[in-house]
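Please look over the sequence and the model together before reading on. The paragraphs below start with the whole chain and then turn to single places within it.

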Amino acid sequence: MLGQYHDDHYTTYYRDLAPSTVVGYEGDWRNYVEPEFANWEMEEIRVRHINAWLASDMFAGKPGAAESAYNLLRQMLRSAMGDELYDEDVVDPTTRGIRLPRKPWRGEPTHLGAREARELLLGLVGFEYEATAICGLWLGLRRSEQCGLRWGDIDLRSGITHVRRGLQVVGREVVVTDVKTHRSARPAMLPRTAVGRLREIKAEVRPKPGDWLLGDDPNPDRYARRLRAWCKARELPFVAPKYFRHTFRTLHADAGTPEGEVQKMLGHESLQTTYRYMALDEDVLREDQGRLEKLVLRA
């Protein structure tokens with residue numbers, strides 16, 4: 001049965017996943033997959049049953065939840081096939097005919113323009129988490145990557161910053177995590193403006209190399225809340241830290257940075273051939289970030 005497979009086998013693979021991913025999987029299991037299919041023999045779950053489940057009141061008005069729950073069910077069935085616990089004579093039902101509820105179009109991700117980014121950077125002076133926000137904006141980091149930076153990760157002579165870990169809130173506890181993929185563990189280059197301001201902040205704070213940029217009690221949720229409050233009180237342009245990445249991508253396109261180099265800086269492999277055969281050395285990174293710096297400072 002699917003429930004027995006989940007308990008005896010599937011959860012053993014969680015040790016290789018990020019804690020936040022495990023929380024999401026288990027939420028989908030408890031709320032959606034387990035109530036419907038836990039007592040089913042896996043080979044008996046067919047396309048018509050999955051489509052009826054996805055069209056049921058369980059997912060009324062929740063197309064995102066339907067997609068997430070279906071993805072978990074699909075992973076579990078394919079994992080069972082890999083573990084040779086699924087009848088080889090039964091066709092995989094997840095390869096054909098599945099009809100997910102249509103998700104409404106929510107528009108492009110929120111991002112800042114060059115003038116807005118400049119206004120925000122100037123308005124952040126004195127903010128308790130200014131150093132973290134500076135790195136997030138100038139480097140296009142994920143929120144977890146911003147929060148996972150330590151002062152020792154940043155070379156304030158060259159501007160090279162090493163993305164080595166993440167920091168997330170999981171079950172109300174702050175957890176140190178690995179970076180999302182091996183491509184995420186990448187060197188990044190801060191422009192001269194950012195390096196200069198970080199030197200000033202470091203002179204004021206006098207941190208040790210192992211200290212978090214977020215301070216002695218780092219908390220990603222607190223960082224996001226206080227950034228919003230700071231911007232609201234001062235009427236500054238605002239996007240949540242998770243959208244700094246979209247801002248970085250958009251502004252580099254406006255600055256004319258080659259697409260392949262932007263993908264490399266973000267740690268993506270969308271341009272697979274370009275990513276595999278191109279290495280960004282310090283000179284290339286410095287030139288690319290110089291374009292972005294000029295675009296923002298001249299806005």
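The secondary structure of this protein chain, when it is followed from one end to the other, comes to 13 helices and four strands. The model is a predicted one, and every value in this account has been computed from it. The C-alpha trace of the chain spans about 65 × 40 × 35 Å along its principal axes. Of the 299 residues in the chain, 45% are buried, a word that here stands for a relative accessible area under 20%.

A second way to describe the whole chain is to ask which parts of the sequence meet in space. Among the contacts between residues at least 6 apart in sequence, 67% join residues that are at least 24 apart. As for the surface, the chain exposes about 16,200 Å², and carbon and sulfur atoms supply 46% of that area. The chain carries 45 positive and 45 negative charges, and the mean positions of these two sets are 7 Å apart.

From the whole chain we can pass to one helix, α6, which covers residues 130-139. This helix is mostly covered, since ten of its ten residues are buried. The list of these buried residues begins with Glu130, Ala131, Thr132, Ala133 and Ile134, and it goes on with Cys135, Gly136, Leu137, Trp138 and Leu139. Gly140 follows α6, and its phi is positive, near 65°.

The helix α6 also has a part in the second largest pocket, a space with a volume of about 270 Å³. This pocket is lined by 18 residues, of which Glu128, Trp151, Ile201, Val205 and Leu213 are the closest to its centre. Both α6 and α8 supply at least two residues each to the lining, and the largest share, four residues, comes from α8.

Glu128 leads us on to Arg226, a residue of helix α9. If residues up to four places away in sequence are not counted, Arg226 touches Phe127, Glu128 and Tyr129. Is Arg226 buried, exposed or partly exposed? Its relative accessibility is 38%, and because this value falls between the limits of 20% and 50%, Arg226 counts as partly exposed. Between Arg226 and His9 there are 42 Å in space, C-alpha to C-alpha, and the two are 217 residues apart in sequence.

A buried residue outside the helices is Gly148, whose place is in the loop between α7 (143-147) and β1 (160-162). With a relative accessible area of 2%, which is under the 20% limit, Gly148 is therefore buried. Leaving out residues up to four places away in sequence, Gly148 touches Asp153, Arg165, Gly166, Leu167 and Trp212. Gly148 is also 146 residues from Leu2 in sequence, and the C-alpha atoms of these two residues are 37 Å apart in space.

Another buried residue, His252, lies within a helix, α10, which runs over residues 244-255. The relative accessible area of His252 is 0%, so this residue is buried as well. When its neighbours within four places in sequence are left aside, His252 is in contact with Thr257, Val262, Met265, Asp288, Gln289 and Leu292.

The last step concerns the backbone angle phi in two arginines. Most residues other than glycine have a negative phi, and this is why a positive value in such a residue deserves a second look. Phi of Arg172 is near 70°, and that of Arg206 is near 55°; each is a positive value in a residue other than glycine. Where do Arg172 and Arg206 lie? Arg172 is in the loop between β2 (166-170) and β3 (173-177), whereas Arg206 has its place in the loop between α8 (192-205) and α9 (220-234). Because the relative accessibility of Arg172 is 84%, which is over the limit of 50%, Arg172 counts as exposed. The value for Arg206 is 70%, also over 50%, and so Arg206 counts as exposed too.

Notes:
Residues are numbered from 1 along each chain as its sequence is written. This is a predicted model: local features need pLDDT of at least 70, side-chain atom pairs count only at pLDDT 80 or more; totals for chains, interfaces and linings use all residues. Side-chain values use heavy atoms; hydrogens and water are left out. Buried means under 20% relative accessible area, exposed over 50%, partly exposed in between (1.4 Å probe, protein chains only). Contact means heavy atoms within 4.5 Å. Accessible areas come from the Shrake-Rupley method with a 1.4 Å probe; for residues, only the protein chains shown count as cover. Lys and Arg count as positive and Asp and Glu as negative; His and the chain ends are not counted. The place of a charge is taken as NZ of Lys, CZ of Arg, CG of Asp or CD of Glu. On a 1 Å grid over the protein atoms alone, a cavity is a set of points where a 1.4 Å probe fits but cannot get out, and a pocket is an open set with protein on both sides within 12 Å along at least five of seven lines; lining residues have an atom within 4 Å of a point. Grid points are joined across faces, edges and corners, and a volume is the space filled by probe spheres set on the points.
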